[in-house]
Amino acid sequence: MGRKKGVEFDEGAPDGFDPNNPYKDPVAFFEMREHLVREKWIDIEKAKILREKLRWCYRIEGVNHLQKCRHLVQQYLDATRGVGWGKDLRPPFMHGPKVVEAE
């Protein structure tokens, strides 16, 4: 019996989840919620790593940090957009008022 060469993660959303009726299958609903939380934590940790790289760049470059660290600033700003915890973990298409189609 040996070790596996790599770790395999279930990276996708659950198979039985229906976004139009999320409460139809409770197990798939909770799996989807766990999936969204996991993805959110990954995004937060990526932003933290970029922030540490940016701090290090500022310390090393000194007065030239505006030119030398510009790419890290842009990456950090892109990583922090949309990252954080809201009131719930619904996907973006479920936010906002429901639109009723006219007959």
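1. Let's start with a term you'll need throughout: a residue is buried if its relative accessible area is under 20%, exposed if over 50%, and partly exposed in between, using a 1.4 Å probe and protein chains only. By that cut-off His-35 is buried, since its relative accessible area is 10%. Across the whole protein, 15% of the 103 residues count as buried.

2. A quick word on what you're looking at. This is a predicted model, where local features need pLDDT of at least 70 and side-chain atom pairs count only at pLDDT 80 or more, while totals for chains, interfaces and linings use all residues. Residues are numbered from 1 along each chain as its sequence is written, and side-chain values use heavy atoms, with hydrogens and water left out.

3. Now the overall layout. The protein has three helices and zero strands, and the pattern along the sequence reads α-α-α. Helices here (H or I, at least four residues) and strands (E, at least two) are DSSP runs, numbered from the N terminus. As for contacts, meaning heavy atoms within 4.5 Å, take those between residues at least 6 apart in sequence: 46% of them join residues at least 24 apart.

4. Back to His-35, which sits in helix α1. Which residues does His-35 touch, not counting those up to four places away in sequence? They are Glu-11, Gly-12 and Ala-13. Leu-36 is also found in helix α1, but Leu-36 counts as partly exposed, at 24% relative accessibility. Ala-13 turns up here too: the C-alpha atoms of Leu-36 and Ala-13 are separated by 8.4 Å, with their positions 23 residues apart along the chain.

5. Have a look at the cysteines next. A disulfide is a covalent bond between the sulfur atoms of two cysteines. The cut-off used here is a pair of cysteine sulfur atoms within 2.5 Å, and by this rule the count comes to one disulfide. Cys-57 and Cys-69 form it, with their sulfur atoms 1.9 Å apart. The pair links distant parts of the chain, 12 residues apart: Cys-57 is in helix α1 (residues 26-61), and Cys-69 is in the loop between α2 (65-68) and α3 (70-80). The link of Cys-57 and Cys-69 is left-handed, with -95 degrees about the S-S bond. Are these two cysteines buried or exposed? Both Cys-57 and Cys-69 are buried.

6. The helix packing is worth some time. α1 and α3 pack with their axes 9 Å apart, at an angle of about 155 degrees. (Axes are lines fitted to C-alpha atoms, for helices over the stretch in contact, and angles run from 0 to 180 degrees between N-to-C directions.) That makes α1 roughly antiparallel to α3, because angles over 145 degrees count as roughly antiparallel, under 35 as roughly parallel, 65 to 115 as roughly perpendicular and the rest as oblique. On the α1 side, the residues making the contact include Ala-47, Leu-50, Leu-54, Cys-57 and Tyr-58; on the α3 side, they include Leu-72, Val-73, Tyr-76 and Ala-79.

7. Pick out Leu-54 if you want one residue from that contact. Leu-54 lies in helix α1 and is buried, with a relative accessible area of 9%. Leaving aside neighbours within four places in sequence, Leu-54 is in contact with Cys-69, Leu-72, Val-73 and Tyr-76. Leu-54 and His-71 are 17 residues apart in sequence and 9.4 Å apart in space, C-alpha to C-alpha.

8. Asp-78 has its place in helix α3. At 43% relative accessibility, Asp-78 counts as partly exposed. The C-alpha atoms of Asp-78 and Ala-47 are separated by 8.9 Å, and the two residues are 31 residues apart along the chain.

9. Last, the aromatic rings. Rings of Phe, Tyr and Trp (its six-membered ring) pair if their centres lie within 6.5 Å; planes under 30 degrees apart count as stacked, over 60 as edge-to-face and the rest as tilted. A search of the whole structure finds two aromatic pairs. Tyr-23 and Phe-29 form a tilted pair, 5.0 Å centre to centre, with 45 degrees between the planes. The rings of Phe-29 and Phe-30 have their centres 5.3 Å apart and their planes at 70 degrees, so that pair is edge-to-face. Ring pairs thus link Tyr-23, Phe-29 and Phe-30 into a cluster. Tyr-23 is exposed at 62% relative accessible area, Phe-29 is partly exposed at 21%, and Phe-30 is partly exposed at 42%.
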